[in-house]
Amino acid sequence: MTITQGSQIPGDPAEPGSDGANARPHSSRAKSRRAKARDNRYPTMVASGLMALALGITAASLPVPYVVESPGPTFNTLANDNGKPVISVTGHETFPAKGNLDLTTVYVDGGPNGPVSVFEAFSAWLDRSKAVYPEELIFPTGVTKEESQQESAVAMTTSQENATASALKELSIPFEQKLRVADLADQSASAGKLQAGDVFSTVNGKPVTSLSVVQEELAAGNGKPATVVVTRDGAPVTETITPTENAAGKFVLGVLLQYDFTFPFEVKISLEKVGGPSAGMMFALGIVDTVTPGDLTGGKHIAGTGTITPDGVVGSIGGIGQKMYGAREDGATVFLAPAANCAEVVGHIPDGLQVVKVENLAEAREAVSVVGSGGDTSGLPACTSN
């Protein structure tokens, strides 16, 4: 073997400090070593790259404590769902209605409904039709999927009863309404005096026809003891209760109240896999249109959302941005939104959708009537940034 000075630094034949003739055999060995080094380096780079990719995928799939809300399907309260009328009435004349009075829904991922990954949360954050919230803002800590579904089902049942009551009040159809004690709050002012099952008769001598009567009497008393008469096991019971002031500055008796209704005819609402209270207003409008002559919508496609009280007050809901997008995607051109949600409406209205602000069922009914009759909708109340 011939070893030359060029062997100290692997080089090509023309490399300075090499003997051109003697360097060639060594140059071949040097190239071989370089090639071998490159061959060894490529698998290492590929392995490193694959490892980095795997780590990235793993990180992107890790669950994060966020909830993603996205547009859900809409349901026409004047039509059928799974072959059954969404609203069916027995014992009262009904009238066929055209058009759409769509209730809107939201898909909720995260929390008790299953984990959301980093990738899903980030993708939703970039999607204008979706919203991302910290989990604790949507679900109480530790709530299970079963508990969440049960609460949602109870809220849906309550909203249907409230919708029927508000619709009948709007139409001046009489019915019986009672306020019953469902439970007592912790450290209740009524502890030892009222109990679950008690039915309110009067407060300070005024007949209790709705929750507002109780609230107004307690507010007028400004913390003074109130005389409460309830019916218990068929007999009247009179108690003097000193209300307490809650965090909102309102005087309360510390009881959880529930309405008991007796309606002159049966209203049944059939809707599968939908829960929560936010369809109340649209149910009420659907009932009004179903039991009154004519076609309230005039065949137009109207959607909306909002809770409803038996007195017809429309309340705020969650996910209104996603509900507006869902309504527009399903063809609605007019959307009824609770006035209390206006701050979330402004700047998030999809193209081609007119949003009408409503505070109660009467305003919602009037807005639908204007749209259905082909009237000028420019004068209908709208959400503004002011």
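**Notes on helix 5, an aromatic cluster and an open sheet**

1. A good place to start is helix 5, whose buried residues are covered by parts that include strand 9 (176–184), strand 10 (199–203), strand 11 (206–207), strand 12 (226–232) and strand 15 (251–252). Please keep in mind throughout that this is a predicted model.

2. Which residues of helix 5 are buried? In this helix, residues 211–221, they are Val213, Val214, Glu217, Leu218 and Gly221. Looking down the helix axis, these buried residues fall within an arc of 125°, so they line one face of helix 5. Note that Glu217 is listed among the buried residues, whereas Glu216 is exposed.

3. The face of helix 5 turned away from that buried side carries Glu216, Ala219 and Ala220, which are exposed. Just after the helix comes Asn222, with a positive phi of about 50°, in case you would like to look at the backbone there.

4. On to the aromatic rings: the model has 5 aromatic pairs. One of them joins Phe175 and Phe263, with ring centres 5.3 Å apart and planes at 55°, so this pair is tilted. Phe175 sits in the loop between helix 4 (145–170) and strand 9, and Phe263 in the loop between strand 16 (255–262) and strand 17 (266–269), so the pair ties together parts that are 88 residues apart in sequence.

5. Are the two rings' residues buried or partly exposed? Phe175 counts as buried because its relative accessibility is 18%, and buried means under 20%. Phe263 has a relative accessible area of 25% and is partly exposed. Both belong to a cluster in which ring pairs link Phe175, Tyr259, Phe261 and Phe263.

6. Next, the open sheet. Its 6 strands follow the order 8-2-6-18-21-22, with mixed pairing. Strand 8 (131–134) and strand 22 (354–358) are at the edges and have a single partner strand each, so one side of each has no neighbour in the sheet. Ignoring direction, neighbouring strands of the sheet are turned by 35° against each other on average.

7. Within that sheet, strand 18 (residues 301–304) and strand 21 (residues 334–338) are paired in the parallel sense, over 3 bridges. Gly304 has Leu336 of strand 21 as its bridge partner. Leu336 also turns up among the residues that Leu285 touches, which brings us to helix 6.

8. Helix 6 lies across strand 6 (100–109), strand 18, strand 21 and strand 22, and runs at about 160° to strand 6. Leu285 is found in this helix, residues 280–291, and is buried, with a relative accessible area of 0%. What does Leu285 touch, leaving aside residues up to four places away in sequence? Its contacts are Leu101, Leu336, Leu361, Ala364, Arg365 and Val368. As for Leu296, 11 residues separate it from Leu285 in sequence, and the C-alpha to C-alpha distance is 9.1 Å.

9. Finally, helix 7 (residues 320–329) is mostly covered, with 8 of its 10 residues buried. These are Ile320, Gly321, Gln322, Lys323, Met324, Tyr325, Gly326 and Ala327. Gly331 follows helix 7 and has a positive phi, near 105°.

Technical notes. Residues numbered from 1 in each chain as written. Predicted model: local features only at pLDDT ≥ 70, side-chain atom pairs only at ≥ 80, totals over all residues. Heavy atoms only, no water. Buried < 20%, exposed > 50% of the residue type's maximum accessible area, 1.4 Å probe, protein only. Helix = DSSP H or I, 4+ residues; strand = E, 2+ residues; numbered from the N terminus. Arc of directions from axis to C-beta. Contact = heavy atoms within 4.5 Å. Phe/Tyr/Trp six-rings, centres within 6.5 Å; stacked < 30°, edge-to-face > 60°. Pairing = 2+ DSSP bridges. Axes fitted to C-alpha atoms, helices over the stretch in contact; angles between N-to-C directions.
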